[in-house]
Amino acid sequence: MLYTAKCYWPGVTQSELQHAAAAAGHEAARFCGEGKPIRYLGSLLFPADDLVLCIFDSPERELVSDTAARAHIPCERLMETVWLACLDT
């Protein structure tokens, strides 16, 4: 299942987000090494709105929350997410 961590993150820079993304990937890999399935898929940065959306794939909501916390990602809300891919016409 996909989850999106909605983060109000005033003043975050692209560089800071890249650092947090690396940490999220590292934490997800560590959990996977413990047999807990989670993947960090990437983030969207909306600098004018101080908003970051971090996307994770995991069957367990708690793993997503734990991964974001360990990566110091300020998640204010965790949302179940549905991905709708672009269909070629």
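Helices and strands here are DSSP runs, numbered from the N terminus.

**Figure 1. The whole chain follows the order β-α-β-β-α-β.** The model is predicted. The protein chain holds 2 helices and 4 strands. Its C-alpha atoms fill a box of roughly 40 × 40 × 20 Å along the principal axes. A compact globule of 89 residues would have a radius of gyration near 12 Å, and the 13 Å of the protein chain agrees with that. Of contacts with a separation of 6 or more, 66% link residues 24 or more positions apart.

**Figure 2. Surface and charge of the protein chain.** The accessible surface comes to about 5700 Å². Carbon and sulfur atoms hold 56% of that surface. Buried residues make up 34% of the 89 residues. The protein chain carries 7 positive and 12 negative charges. The mean positions of the two sets are 5 Å apart.

**Figure 3. Strand S1 pairs with strand S3 and with strand S4.** S1 spans residues 2-8. The strand is mostly covered, with 5 of its 7 residues buried. S3, residues 51-57, runs antiparallel to S1 over 7 bridges. One pair in this ladder sets Leu2 opposite Asp57 of S3. S4, residues 77-81, is also antiparallel to S1, and 5 bridges join the two. Here Lys6 stands opposite Arg77 of S4.

**Figure 4. Strands S2 and S3 form a hairpin.** S2 covers residues 39-46. S2 and S3 run antiparallel and are joined by 7 bridges. Leu44 has Leu53 of S3 as its bridge partner. Between the strands lie 4 residues. Asp50, in this hairpin, takes a positive phi near 55°.

**Figure 5. Close-up of Asp50 in the loop between S2 and S3.** Most residues other than glycine have a negative phi. Asp50 has a positive phi of about 55°, although it is not a glycine. Is this residue buried, partly exposed or exposed? Its relative accessible area is 24%, so Asp50 counts as partly exposed. The cut-off for buried is under 20%, and exposed begins over 50%.

**Figure 6. Close-up of His72 in the loop between H2 and S4.** His72 is not a glycine, yet its phi is positive, near 60°. The relative accessibility of His72 is 67%, so the residue counts as exposed.

**Figure 7. Close-up of Cys54, a residue of strand S3.** Cys54 is at 0% relative accessibility and therefore counts as buried. Which residues touch Cys54, leaving aside its neighbours within four places in sequence? Among them are Tyr3, Thr4, Ala5 and Cys7. These four fall within the range of S1, residues 2-8. Tyr40, Gly42 and Ser43 are also in contact with Cys54. Their positions lie in S2, residues 39-46. Ile73 is a further contact of Cys54. Leu17 is 37 residues away from Cys54 along the chain. The C-alpha atoms of Leu17 and Cys54 are separated by 9.8 Å.

**Figure 8. Close-up of Thr67 in helix H2.** H2 spans residues 61-70. Thr67 has a relative accessible area of 0%, so the residue is buried. Neighbours within four places in sequence are left aside in what follows. Thr67 is in contact with Ala24, Glu27, Ala28 and Phe31, among others. Ile38 and Phe56 also touch Thr67. Phe56 belongs to the range of S3, residues 51-57.

**Figure 9. Close-up of Asp66, also in helix H2.** Is Asp66 buried, partly exposed or exposed? At 28% relative accessibility, Asp66 counts as partly exposed. Thr67, the other H2 residue shown in close-up, is buried at 0%. Ala29 lies 37 residues from Asp66 in sequence. In space, Asp66 and Ala29 are 13 Å apart, C-alpha to C-alpha.

Definitions and conventions
Residues numbered from 1 in each chain as written. Predicted model: local features only at pLDDT ≥ 70, side-chain atom pairs only at ≥ 80, totals over all residues. Heavy atoms only, no water. Rg over C-alpha atoms; globule rule 2.2 N^0.38 Å. Buried < 20%, exposed > 50% of the residue type's maximum accessible area, 1.4 Å probe, protein only. Contact = heavy atoms within 4.5 Å. Areas by Shrake-Rupley, 256 points an atom, 1.4 Å probe, with all protein chains shown as cover. Lys, Arg positive; Asp, Glu negative; His and termini not counted. Charge placed at Lys NZ, Arg CZ, Asp CG, Glu CD. Pairing = 2+ DSSP bridges.
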